Amino acid sequence: ERALNQAGMQPRVFDSGESIMMRLEHEQPDAIVSDIRMPGVDGITLLSQIVDVHPDVPVIIMTAHSDLESAVTSYQTGAFEYLPKPFDVDDAVALVKRAVAHSHEKRASGEPQAEMAQRNAEIIGEAPAMQEVFRAIGRLSHSNITVLINGESGTGKELVAQALHNHSPRANHPFIALNMAAIPKDLIESELFGHEKGAFTGAFDRKIGLLQQAEGGTIFLDEVDRIPPETQVRLLRFLKASEIQPLGSPNSFQIDVRIIAATNRSLDQEVKKERFREDLYYRMNVVQLTVPPLRDRTGDIPALARHFLSRLALQPGLRSLGITDEALNLLRSYQWPGNVRQLQSVLFRAAVMCDRDALTCKEFPPVSYTHLTLPTICSV
């Protein structure tokens, strides 16, 4: 309130969502800033009520309990912006000014703000780097824009792609994930575009390609840098015209599929080395989203560890296990070259070997995981 006053605005503060809704019956402000967790009605419910009654009022949602669900739900319910705590006060003031300017533009044009649907997803992360990912998912999920996801192996790029699909209007249609490195090069075109009977040696039957199978939905191309040059040409044609031509077929036809691609390499370098077409790179790199490595978000390790342990408890032969604070501190001290996937594997091994009710440092000895050593920093 003090900061907004000093910025020349006239803020009014309310102690509950109910009180602000009563005020909105008589007065419409230029912008609203609301927490999520508060007494009475929560911030998301309040946001939904405001959007229903006053769709032109921009609402900024802020919270200290930031996760993907709240970020995406905020955007899809109609939030103007999502502001995770802690935040810089000057940045918050600038955001409110932008919301006010947006409100004035909306009123001048008479353009209403559309209501959005809520969906669930499962990505864990409170680190600032993950908050940027959540915000990007919230903004991009209702778009058909091609997205290129960058990130090291094991960071969860497919989860991000799945979240983009789950929170989009395409959610009720197929999501098909394809790892380009796992398919023999001479079969990639057939897998993607399909083929007619007799199109090549061994093509005994007609095959519908994965792009056609994903009609109306999303196809996720992991390790897209591994696509061979001849397939890159056909994929470029699809991205230009949404048109495919199965191998051996004289006809082409249009389909509606969103492409999300991912790579753990620098496509810029692949283009310079002439291993990846420059025009295809620009078609795919419309929006670039980077998933941070686990070493840059070690504060998320406790939540990730408990999440993985709860999932492991559902497997036959395993049981519910806790994990001590000392063990969590030990895991947070490691660099995790294999990222979240490596953390999951280490926890699985520890859970199998544990004969107590909680994992301790004993379950994580100072042995080499890949090329780095897990240090011993706690006593047992």
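**Exercise 1.** Which backbone nitrogen does the side chain of Glu-363 reach? Describe the surroundings of this residue in the predicted model.

*Solution.*
- Step 1. Place the residue: Glu-363 belongs to the loop that runs between strand E14 (358-359) and strand E15 (368-369).
- Step 2. Find the polar partner: the side chain of Glu-363 comes to 2.7 Å from the backbone nitrogen of Thr-360.
- Step 3. Check the accessibility: the relative accessible area of Glu-363 is 10%. Buried means under 20%, so Glu-363 counts as buried.
- Step 4. Set aside the neighbours within four places in sequence: Glu-363 then has contacts with Arg-349, Ala-350, Cys-354, Arg-356 and Ala-358.

**Exercise 2.** Work out the strand order of the sheet of five strands, and state which strands stand at its edges.

*Solution.*
- Step 1. Read the order: the open sheet runs E5-E8-E11-E4-E12, with parallel pairing.
- Step 2. Identify the edges: strand E5 (175-179) and strand E12 (287-290) have a single partner strand each, so one side of each lacks a neighbour in the sheet.
- Step 3. Add the twist, which averages 20° from one strand to the next.
- Step 4. Look at one pair: E4 (residues 147-150) and E12 are parallel and joined by four bridges. Within this pair, Leu-148 has Gln-288 of E12 as its bridge partner.
- Step 5. Add the helix: H6 (residues 128-140) packs on the sheet and touches E4, strand E11 (258-263) and E12. The direction of H6 makes about 150° with that of E12.

**Exercise 3.** Describe the open sheet of three strands in the same manner.

*Solution.*
- Step 1. The order is E1-E2-E3 and the pairing is parallel.
- Step 2. Strand E1 (32-35) and strand E3 (81-84) are the edge strands, each pairing on one side only.
- Step 3. Direction ignored, neighbouring strands are turned by 25° against each other on average.
- Step 4. Four bridges link E1 with strand E2 (residues 59-63) in the parallel sense; Ser-34 stands opposite Ile-61 in E2.

**Exercise 4.** Where do the buried residues of helix H10 fall when seen down its axis?

*Solution.*
- Step 1. Check the geometry: H10 (residues 229-241) has 13 residues and spans 19 Å from its first C-alpha to its last, close to the expected 18 Å.
- Step 2. List the buried residues: Thr-231, Gln-232, Leu-235, Leu-236, Phe-238 and Leu-239.
- Step 3. Project down the axis: the buried residues of H10 lie within an arc of 160°, so they line one face of the helix.
- Step 4. Name the packing partners of these residues, among them helix H8 (188-193), strand E8 (218-222) and helix H12 (278-284).
- Step 5. Note what follows H10: Ser-242 has a positive phi, near 55°.

Terms used. Residues numbered from 1 in each chain as written. Predicted model: local features only at pLDDT ≥ 70, side-chain atom pairs only at ≥ 80, totals over all residues. Heavy atoms only, no water. Pairing = 2+ DSSP bridges. Helix = DSSP H or I, 4+ residues; strand = E, 2+ residues; numbered from the N terminus. Axes fitted to C-alpha atoms, helices over the stretch in contact; angles between N-to-C directions. Contact = heavy atoms within 4.5 Å. Buried < 20%, exposed > 50% of the residue type's maximum accessible area, 1.4 Å probe, protein only. Expected span 1.5 Å × (residues − 1). Arc of directions from axis to C-beta.
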